[in-house]
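Welcome to a short set of exercises with worked solutions. Keep the structure open beside you, try each task yourself, and then read the steps.

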Amino acid sequence: MDIIEYPSRADWGTLSVRALAEEAAEVSEAVGKIMEEVASCGDDALRDYERRFTGAEVECLEVTAAEMEAADAAISQELKEAIAKAAANISAFHAAQLPHTITVETAPGIHCEQRPVAINRVGLYIPGGNSPLFSTVLMLAIPAKIAGCPEVVLCTPPRRDGSVHPAILYAARLAGVDRIFKTGGAQAIAAMTFGSASVPRVDKIFGPGNRYVTEAKQQAARRGVAIDMPAGPSEVLVIADSNADPRFVAADFLSQAEHGPDSQSILLTTSPQLARQLPEVIDSMLDTLPRRDMMMRSLSHSRIILMHDDDEMMEFSNTYAPEHLIINHADSASLAGKVVNAGSVFLGEYSPESAGDYASGTNHTLPTSGYARAYSGVNTDSFIKRITFQRLSPEGIKSIGKAVEVMAENEDLMAHKLAMTLRIEKLSSNQ
């Protein structure tokens with residue numbers, strides 16, 4: 001892991017580059033073929049891909065009531081209580097985000113309104129490869145239900161025996177998911193994009209995944225299905241001062257690294273001592289953790305960067321625009337006020353990323369790869385459209401009629417002008 005001392009601002013752009021996915025063109029081509037085959041062959045293609053990619057023989061793609069009951073029995077009471085606590089906190093935070101109808105009289109006789117309306121059918125993708133991400137079920141399904149989405153569909157890859165991990169099914173039932181399907185990868189995204197005999201077409205797709213899933217979501221967006229956000233490998237940036245416990249920083253690095261080999265961790269610090277200590281502490285922890293090889297690959301493109309002062313650290317952080325930002329600093333509250341670009345921020349030494357990943361209540365589906373400059377993480381609003389309404393009375397026509405005519409004429413859109421002129425003339429004839 002590189003230690004970079006006091007880089008010039010001219011080098012910040014290079015230092016902000018993420019680990020690039022290999023063979024991007026090949027991934028795009030492979031996903032395109034999967035999309036086309038699912039569009040043409042539907043369920044048969046889905047079964048074939050599961051057979052090839054997971055080794056599972058899936059006769060019935062939709063999870064049955066019996067499978068849901070079996071999952072409930074397979075989950076320990078301890079895990080059920082943990083999931084319930086996380087769900088309660090997620091619900092409380094996301095319910096507070098619900099928007100309200102806005103009504104404004106913009107001019108005499110003109111009433112404008114904005115109403116929140118839930119998206120009709122949403123599709124959630126839950127990975128099942130390195131980890132069964134039942135926490136992501138809560139993060140996506142709970143705000144969808146709070147928003148009022150009439151139908152919530154979930155796709156997740158089956159295990160080799162054709163079953164779905166029971167924790168995913170349990171979380172899905174608790175969160176109110178309506179239908180669950182045993183299909184994963186790019187083929188699941190294709191199924192939700194086009195629809196099949198089993199899987200319904202959805203209006204918007206949510207959820208993380210590998211580079212094939214990410215590419216499939218981007219291709220889905222070009223085929224008329226909305227997606228939550230562009231995504232890439234997960235990342236964390238830690239800002240730490242000389243008071244930070246090196247063990248905490250090392251654990252934060254490693255918890256990020258176990259997301260996958262393309263994940264990236266960055267430490268910004270003004271402490272030369274912490275910069276020197278961190279690699280040693282990480283090494284000592286690595287041997288105690290089960291995903292050492294994968295974490296080593298992630299750490300190979302992670303960085304420790306020494307900075308001159310707090311202002312410089314915050315400027316670099318906003319340039320990088322991290323998915324997760326941990327401010328493990330004695331003055332974290334003050335530095336928080338300088339955050340402009342970040343997905344989710346963790347303040348103080350007792351706020352690890354894992355708190356937000358599971359149970360604090362904030363959402364862990366966040367923009368990566370610098371998209372935090374323009375995108376928010378998933379929230380209740382993500383599942384809502386805001387539709388505007390307007391009603392003009394004769395008084396409203398008098399208020400803006402002339403302005404509309406003049407503007408339309410000057411844009412050379414004479415039918416627009418005519419639509420207003422006819423109404424003005426009718427009002428004049430009635431007087």
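**Exercise 1: a strand pair**

Which residue in E6 does leucine 154 stand opposite?

*Solution.* A word before we start: this is a predicted model.
- Step 1. Find leucine 154, and look across to E6: the residue opposite is isoleucine 180.
- Step 2. Now take in the two strands. Strand E5 covers residues 151–156 and strand E6 covers residues 179–182; they pair in the parallel sense, over four bridges.
- Step 3. Follow the chain from E5 to E6. The path goes through helix H7 (residues 166–175), and this β-α-β crossover is right-handed.

**Exercise 2: the two sides of a helix**

Find the buried residues of helix H12 (residues 292–299) and work out how they are arranged around the axis.

*Solution.*
- Step 1. List the buried residues of H12: Met294, Met295, Ser298 and Leu299.
- Step 2. Look at their directions. They lie on the same side of H12, because they cover an arc of only 140° around the axis.
- Step 3. Turn to the other side of H12, where Asp293 and Arg297 are exposed.
- Step 4. Ask what the buried residues of H12 pack against: helix H10 (246–257), strand E10 (264–269) and helix H11 (272–286).

**Exercise 3: salt bridges across the sequence**

How many salt bridges does a search of the whole structure find? Look at some of them, and say which parts of the chain they link.

*Solution.*
- Step 1. The search finds 22 salt bridges.
- Step 2. Begin with glutamate 312 and arginine 9, whose side chains meet in a salt bridge at 3.7 Å, N to O. Glutamate 312 belongs to helix H13 (residues 310–320), and arginine 9 to the loop between strand E1 (2–5) and helix H1 (12–15), so this pair ties together parts that are 303 residues apart in sequence.
- Step 3. Compare the surroundings of the two partners. Glutamate 312 has a relative accessible area of 7%, so it is buried. Arginine 9, with 48%, is partly exposed.
- Step 4. Move to glutamate 235 and arginine 18, whose side chains form a salt bridge at 2.8 Å, N to O. This pair also links distant parts of the chain: glutamate 235 is in strand E9 (residues 235–240), arginine 18 is in the loop between H1 and helix H2 (24–41), and they are 217 residues apart. Both glutamate 235 and arginine 18 are buried.

**Exercise 4: buried or exposed?**

Glutamate 215 and arginine 222 meet in a salt bridge. Is arginine 222 buried or exposed?

*Solution.*
- Step 1. Check the contact: the N to O distance between the side chains is 3.9 Å.
- Step 2. Recall the cut-offs: buried means under 20% relative accessible area, and exposed means over 50%.
- Step 3. Apply them. Glutamate 215 has 13%, so it is buried; arginine 222 has 60%, so it counts as exposed.
- Step 4. For a further example, look at Asp48, Arg51, Arg52 and Glu57, which are joined into one network by salt bridges that share partners.

**Exercise 5: the whole protein**

Finish by describing the overall picture in numbers.

*Solution.*
- Step 1. Count the elements: the protein has 17 helices and 14 strands.
- Step 2. Give the extent: the C-alpha trace spans about 90 × 60 × 45 Å along its principal axes.
- Step 3. Give the buried share: 48% of the 431 residues are buried.
- Step 4. Consider contacts between residues at least 6 apart in sequence: 75% of these join residues at least 24 apart.
- Step 5. End at the surface: the protein exposes about 20200 Å², with 51% of it supplied by carbon and sulfur atoms.

Notes. Residues numbered from 1 in each chain as written. Predicted model: local features only at pLDDT ≥ 70, side-chain atom pairs only at ≥ 80, totals over all residues. Heavy atoms only, no water. Buried < 20%, exposed > 50% of the residue type's maximum accessible area, 1.4 Å probe, protein only. Arc of directions from axis to C-beta. Contact = heavy atoms within 4.5 Å. Pairing = 2+ DSSP bridges. Right-handed = clockwise from strand over helix to strand, strands pointing away. Areas by Shrake-Rupley, 256 points an atom, 1.4 Å probe, with all protein chains shown as cover. Salt bridge = Lys/Arg side-chain N within 4 Å of Asp/Glu carboxyl O.
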